[in-house]
Amino acid sequence: MPGRGRRVRARTWSAAATVALAVAGISAAPASAADVNNAKNAGFESGLSGWTCSAGSGTTVSSPVHGGSAALKATPAGQDNAQCTQSVAVKPNSTYSLSGWVQGGYAYLGVTGTGTTDVSTWTPDAPSWKQLTTTFTTGASTTSVTVYTHGWYGQAAYYADDIQVFGPDGGGGGGGDNPTVPSAPGGLAVSGTTSSSVSLSWNTVSGASGYNVYRDGAKVASASGTSATVSGLSASTSYSFQVTAVNSAGESVKSSTVTATTASSGGGGGGGGALPKHAVTGYWQNFNNGAQVQKLSDVPSSYDIIAVAFADATSTPGAVTFNLDSAGLNGYTVDQFKADIKAKQAAGKKVIVSVGGETGTVSVNDSNSAANFANSVYSLMQTYGFDGVDIDLENGLNPTYMSQALRSLSSKAGSSLIITMAPQTIDMQSTSGPYFQTALNIKDILTVVNMQYYNSGSMLGCDGKVYSQGSVDFLTALACIQLEGGLSPSQVGLGLPASTRGAGSGYVSPTIVNNALDCLTQGTACGSFKPSKTYPSLRGAMTWSTNWDATAGNAWSGSVGAHVHALP
């Protein structure tokens, strides 16, 4: 999506970073009776006792903490990655579980000197506490290992807490924090429902480091706190839920069961859940590029679909993640963000995550990357409560494998999944183009294609004539290609910038947008091009962005939003 002015961080990886990213979850494997946490001062309650940090980079803080009253804060510099280490006594020929909780900037957890294969795991910026976990085995003569945490050169400070080297007692007088399996959570309750999600809450369990959520007997989510939203559900369907508490000693028995029934859904395109017949889509900027900074709660109610821009590519081919830019958004927290998503959904709106943008580098070009894409997007839906995904890949896509990825995601998320696309004009000139092929391949599960009618040169209309951007004819004659090329009218929307600052070129006044909508749906207010028939079920319009709209006093949504919703 042009015009976002997004900051791109250069990343150069060390050898420690070339290991595969371990799943940041909770280990539920039961421990033997002899296993202990061999790390000393594992929760940093005694300052940095037992720990050595490079170049004075480390200190202890009272907030944020994961457990207890203290945590490590380590701040990298341009030539220092803020490494903190501890020598830990271990037994030879033994297997240990290494885990820790991290927050903040890039954070790594690893071990050296194992006598076998040294291991590490890492995570990019973590706005809330996240557990890293891996395992290692000691060699025949290994009696001590070095456990370390570190960040990345010149990046933000990271926090670490509750480090565990769990396994046979190495005799080094470890932290003494050897937990027992926690009890089952109580107070499990349904705190909210939509047509595609159920929100749950429960009571805190003493000694638990996290929780697992089960739907109809199968684990579907993990949480570090006492609430979770399970997304990707089918409308008007009853589900049962249970929760367990976990720590390094194991997993509790399941809680009592609660049941919840999702809300009913309306029609709309191939997919789309409970969308209105005519809908307005707006991109919400997860960064500050000079447009008005917003929380999701600031987005006007005239927007029916809010596309959160953008997800980030990871080092895993095809996989994406999402990192809320709290610093750039004036301290907007992840918890506030999640709560605002729920509030929008409770008001009947859809919130989806957008993948790509002007500098997006996500590549889905084989079956493996397609599976990674589907799995990672579904994970984001479970974590944040997103209703679906927007495909805004402006550097090309493979129709075979993107279609495969989206069908895989649909099989996980169910019929309420929202799938939108935002191709450029050149991408939709012919049904043989990769974007158009993808849209047609997934027509039965596609919600809407909001082509970007801006930052474009002159293009052919469906009548074979050349039209220049900035006119009613440019909008209607190019939309005609999609409408006559195989998409349902309910799967076609008009994408325009919200202000002159929202794009390099192609801004048109709300009046022109409204005239194009009337031309396509009712045959009125057309320019020189008049379609051969009308399309009363045309989905509506999209804008980049809600932030630029707010900067201009919400003039775009105030006019176009009202007009879309008034269409017959």
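# Briefing on a predicted protein chain

Strand 7 (residues 107-112) and strand 10 run antiparallel to each other and are paired through 5 bridges. They belong to a predicted model, whose protein chain holds 8 helices and 30 strands. Of the 568 residues in this chain, 54% count as buried, and among the contacts between residues at least 6 apart in sequence, 75% join residues at least 24 apart. The points below begin with the sheet that contains strands 7 and 10, and then turn to strand 30, to the helices and to two buried residues.

**The open sheet around strand 10**

- Strands 7 and 10 are part of an open sheet of 5 strands, in which the order is 2-5-10-7-8 and the pairing is antiparallel.
- The edges of this sheet are formed by strand 2 (52-53) and strand 8 (119-123), each of which pairs on one side only.
- As a general point, the strands of a sheet pair through backbone hydrogen bonds, and the pairing can be either parallel or antiparallel.
- Strand 10 (residues 144-150) is mostly covered, since 5 of its 7 residues are buried.
- Where strand 7 meets strand 10, Gly-110 stands opposite Tyr-148 of strand 10.
- Strand 10 is also paired with strand 5, in the antiparallel sense and over 6 bridges, and here Ala-89 has Ser-144 of strand 10 as its bridge partner.
- Strand 5 (residues 84-89) pairs in turn with strand 2, again in the antiparallel sense, over 2 bridges, and in that pairing Cys-84 of strand 5 is the bridge partner of Cys-53.

**Strand 30 and its parallel partners**

- Strand 30 (residues 540-544) is largely enclosed by the rest of the structure, because 5 of its 5 residues are buried.
- Strand 20 pairs with strand 30 in the parallel sense over 5 bridges, and within this pairing Gly-282 is found opposite Thr-543 of strand 30.
- Strand 29 (residues 492-497) runs parallel to strand 30 and is joined to it by 5 bridges, with Met-542 of strand 30 serving as the bridge partner of Gly-495.

**Helix 4 and what covers it**

- In helix 4 (residues 434-441), the residues Tyr-435, Phe-436, Thr-438 and Ala-439 are buried.
- When helix 4 is viewed down its axis, these buried residues fall within an arc of 160°, and therefore they line one face of the helix.
- The cover over the buried residues of helix 4 includes three strands, namely strand 24 (388-393), strand 25 (418-421) and strand 26 (448-452), together with helix 3 (399-413) and helix 5 (472-484).

**Helix 6 between two packing partners**

- Helix 5, which is part of the cover over helix 4, also packs with helix 6 at an angle of about 40°, the two axes being 9 Å apart.
- That angle makes helix 5 oblique to helix 6, and the crossing of these two helices is right-handed.
- The contact between them is made by Val-472, Leu-475, Thr-476, Ala-479 and Leu-483 on the side of helix 5, and by Ile-512, Val-513, Asn-515, Ala-516, Cys-519 and Leu-520 on the side of helix 6.
- The axes of helix 6 (residues 510-522) and helix 8 (residues 555-566) come within 9 Å of each other and cross at roughly 15°, so that helix 6 is roughly parallel to helix 8.
- Helix 6 contributes Pro-510, Val-513, Asn-514, Leu-517 and Asp-518 to this second contact, while helix 8 contributes Ala-555, Trp-556, Ser-559, Val-560, His-563 and Val-564.
- The crossing in which helix 6 passes helix 8 is likewise described as right-handed.

**Two buried residues**

- Ser-302 is found in the loop between strand 20 (279-285) and strand 21 (305-313), and it counts as buried because its relative accessible area is 16%, which is under the 20% cut-off.
- Apart from its neighbours within four places in sequence, Ser-302 is in contact with Val-280, Ser-557, Gly-561 and His-565.
- Gln-345 lies in helix 1 (residues 334-346), and this residue is buried as well, with a relative accessible area of 9%.
- Gln-345 is in contact with Thr-194, Ser-197, Gly-385, Phe-386 and Asp-387, once its neighbours within four places in sequence are left aside.

Technical notes. Residues numbered from 1 in each chain as written. Predicted model: local features only at pLDDT ≥ 70, side-chain atom pairs only at ≥ 80, totals over all residues. Heavy atoms only, no water. Buried < 20%, exposed > 50% of the residue type's maximum accessible area, 1.4 Å probe, protein only. Helix = DSSP H or I, 4+ residues; strand = E, 2+ residues; numbered from the N terminus. Arc of directions from axis to C-beta. Contact = heavy atoms within 4.5 Å. Pairing = 2+ DSSP bridges. Axes fitted to C-alpha atoms, helices over the stretch in contact; angles between N-to-C directions. Parallel < 35°, antiparallel > 145°, perpendicular 65-115°, else oblique. Left-handed = near helix turned anticlockwise from the far one by under 90°.
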